[in-house]
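Visitor: Could you take me on a close look at the place where the ligand sits, and then at the side-chain pairs and backbone details elsewhere in the chain? I am new to this, so please go step by step.

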Amino acid sequence: MRNDKTDILKIIISEEEIQEKIKELAEKISVDYKDKNLLLICVMNGSIFFSVDLIRQLKVKADLDYISVASYHGTASTGAVTLHRDISTDVSDKDVLIIEDILDSGRTFSFLLKHFKKMNPKSLKSCSLLDKPDRRVVDVVLDYTGFIIPDVFIVGYGMDYDQQYRQLPFIGELKPEVYTK
Ligand code: 5GP
Ligand code: MG
């Protein structure tokens with residue numbers, strides 16, 4: 001089976017560490033968005049688990065929508081970002097918070113920030129569970145960051161390799177022989 005732990009070189013962030021960090025982030029966001037009109041935007045598919053766990057921990061009113069973009073094929077970013085499905089919410093009175101799984105080259109976030117700015121939301125901020133600063137090509141400043149990780153290809157907790165490994169409850173480094181095969 002391709003979703004078990006045998007293809008994982010090592011666990012980078014455990015299930016408990018992920019959930020602990022999400023509680024911390026939710027506390028901060030709940031303070032910052034008190035009396036606001038928060039709309040979380042889940043960036044499909046990678047940030048599904050993160051978005052769902054985060055919204056469950058919030059102590060403020062929050063709505064949820066999703067957007068689907070693609071920029072990543074295999075283990076290397078291709079550069080171009082394409083929009084597959086846009087949100088359906090009118091954001092003119094919303095405080096928008098983009099929820100991503102991982103900030104890598106920065107191309108996806110840069111695309112998303114421009115995309116939502118054009119919609120004129122009341123406010124716009126960014127949140128990513130993971131940040132891989134070593135691979136940045138486009139400058140992006142995150143408002144909320146979970147973990148800073150080294151430049152290794154990771155899977156689990158919603159993140160895939162070739163549409164596999166998403167359901168692993170932890171974040172792990174994939175054995176290089178899996179994607180060099
Ligand atoms: P960026 O546009 O910042 O280069 O890439 C962002 C997207 O690439 C992320 O949303 C994520 O889907 C994907 N990505 C970047 N690094 C990794 C990684 O190590 N593993 C997986 N599974 N996806 C990654
Ligand atoms: Mg993503």
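Guide: Happy to! The shell around ligand 1 is a mix of characters: six of its residues are nonpolar, five are polar and six are charged. Please keep in mind as we go that this is a predicted model.

Let us stay with the ligand for a moment. Altogether 17 residues surround ligand 1, and those that come nearest are Ser 105, Thr 108, Lys 132, Ile 154 and Asp 160. Two of these names return when we look at polar atoms. The side chain of Ser 105 has an N or O atom 2.5 Å from an oxygen atom of ligand 1. For Thr 108, too, an N or O atom of the side chain is 2.5 Å from an oxygen atom of the ligand. Glu 100 joins in with a polar side-chain atom that lies 2.9 Å from an oxygen atom of ligand 1. On its own, ligand 1 has 510 Å² of accessible area, and the protein covers 93% of that.

Which parts of the fold build this shell? Strand E3 (62-73), strand E5 (95-103) and helix H3 (107-117) each supply at least two of its residues. Among the contributors, E5 gives the most, with three residues.

Now for the charged pairs. The count of salt bridges comes to twelve, and a few of them are good ones to find on your screen. Start with Glu 173 and Lys 10, whose side chains meet in a salt bridge at 3.6 Å, N to O. This pair links distant parts of the chain, since Glu 173 is in strand E9 (residues 171-174) and Lys 10 is in strand E1 (residues 8-13), 163 residues apart. The two partners have different surroundings: Glu 173 has a relative accessible area of 11%, so it counts as buried, under the 20% cut-off. Lys 10, at 48%, is partly exposed.

Next, try Glu 27 and Lys 59, which form a salt bridge at 3.0 Å, N to O. Here again distant parts of the chain are linked: Glu 27 belongs to helix H1 (residues 15-32), while Lys 59 is in the loop between helix H2 (48-57) and E3, 32 residues apart. Glu 27 is partly exposed, with a relative accessible area of 44%, and Lys 59 is exposed, with 60%.

Salt bridges can also join up. Asp 104, Arg 135 and Asp 151 are linked in a network of them.

One more pair leads us on to the backbone. The side chains of Lys 34 and Asp 35 meet in a salt bridge, 3.6 Å from N to O. Lys 34 is exposed at 56% relative accessibility, and Asp 35 is exposed at 74%. Asp 35 is found in the loop between H1 and E2, and its phi is near 65°, a positive value in a residue other than glycine. Why point this out? Because most residues other than glycine have a negative phi, and most peptide bonds are trans.

Gln 163 also has a positive phi, near 65°. Look for Gln 163 in the loop between strand E8 (154-155) and E9; at 53% relative accessibility, this residue counts as exposed.

Our last stop is a peptide bond. The bond from Met 44 to Asn 45 is cis, with omega near -10°. You will find Asn 45 in the loop between strand E2 (38-44) and H2.

Key. Residues are numbered from 1 along each chain as its sequence is written. Chains are lettered from A and ligands numbered from 1 in the order in which they are written. This is a predicted model: local features need pLDDT of at least 70, side-chain atom pairs count only at pLDDT 80 or more; totals for chains, interfaces and linings use all residues. Side-chain values use heavy atoms; hydrogens and water are left out. A residue is near a molecule or strand if one of its heavy atoms lies within 4 Å of it. A polar contact is a pair of N or O atoms within 3.5 Å; within protein, one must be able to donate a hydrogen and the other to accept it, and residues adjacent in sequence count only if both atoms are side-chain atoms. Accessible areas come from the Shrake-Rupley method with a 1.4 Å probe; for residues, only the protein chains shown count as cover. Helices (H or I, at least four residues) and strands (E, at least two) are DSSP runs, numbered from the N terminus. Ala, Val, Leu, Ile, Met, Phe, Trp, Tyr, Cys and Pro count as nonpolar, Asp, Glu, Lys and Arg as charged, and the others, Gly among them, as polar. A salt bridge is a side-chain nitrogen of Lys or Arg within 4 Å of a carboxyl oxygen of Asp or Glu. Buried means under 20% relative accessible area, exposed over 50%, partly exposed in between (1.4 Å probe, protein chains only).
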